[in-house]
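You asked for a quick read of this one before you dig in yourself. Here are my notes, in the order I would look at things.

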Amino acid sequence: MSGPCSYDRPRRIRRGAALTLFLVSVLATGAATGTWSQGPQGPARRPAPEGRALAAHPPHSATADRAAVERAAAEAVADGKSGAQAAADVVSRSGDRWSTIYSPGEFKDFQAQLDGGYVGVGLWVRQARHGRIEVSRVQPGGPAARAGVAVGDRLRAVDGRASRGAPVTEVVARLRGAGASRGPAAVGSPVTLDLQRGTRHWSATLHRARLRSRNVVVDRPAGAHGPTRVKIAAFAKGTGAAVRRAVRDASPEGGMLLDLRGNTGGLVTEAVEAASAFLDGGLVATYDVRGRQRALYAHRGGDTRLPLVVLVDGGTMSAAELLSGALQDRGRALVVGSRTFGKGSVQMPSTLPDGSVAELTVGHYRTPAGRNVDGGGLTPDVVVGSGAEKRARTVLSGLGGGA
């Protein structure tokens, strides 16, 4: 993505198109990358490493007024004040928890995250109950993992600044060392975390490293005909192509288990590309931009015969819900697990006078059957809590895939 996006493009999204349509991707725990509990309003939360989250509360339909946001930013800049802060104040008052204001440095960092690379310590965090910040994901082999940080640990402070009650994006910026007008801190720069696990409190000084997100993990069967398991953590650039390669290499007899549990969402174009691996064209979703209807279509030529089961849970949100809903409505896959998060709003970025970026809610998407995901999520075909993957493999074997 290189700037504000436009929806004035052909309705059929073609391979390589530069449409930068975003759905927020943060795990929602409590029920679930986004991961959020509803907390202080602030810059939006995102799914990338050092990613953010909101706790599990149904999204609400409030939307920030774009004209009001831009006017506030312009007036602030004219008065020598922060346009980004003025815009964030308008967003906060609107009650739109999905809209975001990025400083130029934060937005540059976010773009780098979508490319799969970043400088940081390998943590995703979420805002839990009572404003607490918790670790929602740890990147294997990263500085945080080597220091023994684990999912569920409470992040009390970053470099001595308390995290409780702070917007998740602010905490993320501290972790990454991103300033208002620059990108993340240099490789090797230190950051001190104050952590809590149960009754244990401790501090750890980590050194930031250049890391690469591994958003798609493919586990191929030991035998020739077993099922292929594809785990997608988030939809960054290249995710759709990775899914296509996995489908091409999968055993037709074994089938595929597509694991979207805890998926933090991401680029809708990549979710459409992933859907195209399993569909021979046709509708993936519809969405509206300020009342004007649009549609997203799969490319032709996908594998429509490979037995497919999709695993979801309360952390499956946004672009991951779009993909799950399309495969479910089109009768292409059986969905197994628990109800998804329910984040079906669409955000579009635009540049403010001071160079900051406002990513504001402009509409909502629906599945091919017309279901509105926002607030309610998707109900799996087979609802199961614990033991979901084992059940999914049983279902897959019933579809003709290997056990």
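The points below go through one strand and its neighbours, then a pocket, then the aromatic pairs.

1. Before anything else, keep in mind that this is a predicted model.

2. A good place to start is strand E13, residues 256-259. Which of its faces are covered? Both are: Met256 and Leu258 are buried on one side, and Leu257 and Asp259 are buried on the other. That fits a general pattern, since side chains in a regular strand alternate between the two faces of the sheet.

3. Now look at what sits beside E13 in the sheet. Strand E12 (residues 228-232) pairs with E13 in the parallel sense, over 4 bridges. If you want a spot to check by eye, take valine 230, whose bridge partner in E13 is leucine 258. To get from E12 to E13 the chain passes through helix H6 (residues 239-249), and this β-α-β crossover is right-handed.

4. E13 also pairs with strand E17 (residues 308-312): the two run parallel and are joined by 4 bridges. Here the residue to find is aspartate 259, which stands opposite leucine 311 in E17. Recall that Asp259 is among the buried residues of E13.

5. Next, the second largest pocket, which holds about 300 Å³ of space. It has 16 lining residues, and the closest to its centre are Arg137, Pro140, Arg214, Val217 and Ala233. Which elements give two or more residues to this lining? They are strand E5 (133-138) and E12, so you meet E12 again here, after its pairing with E13. By character, the lining residues split into 7 nonpolar, 4 polar and 5 charged.

6. How many aromatic pairs does the structure hold? There are 2. One joins tryptophan 98 and phenylalanine 341: their ring centres are 6.0 Å apart and their planes stand at 90°, so this pair counts as edge-to-face. Tryptophan 98 is in the loop between helix H2 (83-94) and strand E2 (100-102), while phenylalanine 341 is in the loop between strand E18 (334-337) and strand E19 (345-351), so the contact ties together parts 243 residues apart in sequence. Both of these residues, tryptophan 98 and phenylalanine 341, are buried.

7. The other pair is tyrosine 102 with phenylalanine 107. Their ring centres lie 5.6 Å apart with the planes at 50°, so this pair is tilted. Are these two buried or exposed? Tyrosine 102 and phenylalanine 107 are both buried.

Technical notes. Residues are numbered from 1 along each chain as its sequence is written. This is a predicted model: local features need pLDDT of at least 70, side-chain atom pairs count only at pLDDT 80 or more; totals for chains, interfaces and linings use all residues. Side-chain values use heavy atoms; hydrogens and water are left out. Buried means under 20% relative accessible area, exposed over 50%, partly exposed in between (1.4 Å probe, protein chains only). Two strands pair if DSSP finds at least two bridges between them. A crossover is right-handed if, with the strands pointing away from the viewer, the path from the first strand over the helix to the second runs clockwise. On a 1 Å grid over the protein atoms alone, a cavity is a set of points where a 1.4 Å probe fits but cannot get out, and a pocket is an open set with protein on both sides within 12 Å along at least five of seven lines; lining residues have an atom within 4 Å of a point. Grid points are joined across faces, edges and corners, and a volume is the space filled by probe spheres set on the points. Ala, Val, Leu, Ile, Met, Phe, Trp, Tyr, Cys and Pro count as nonpolar, Asp, Glu, Lys and Arg as charged, and the others, Gly among them, as polar. Rings of Phe, Tyr and Trp (its six-membered ring) pair if their centres lie within 6.5 Å; planes under 30 degrees apart count as stacked, over 60 as edge-to-face and the rest as tilted.
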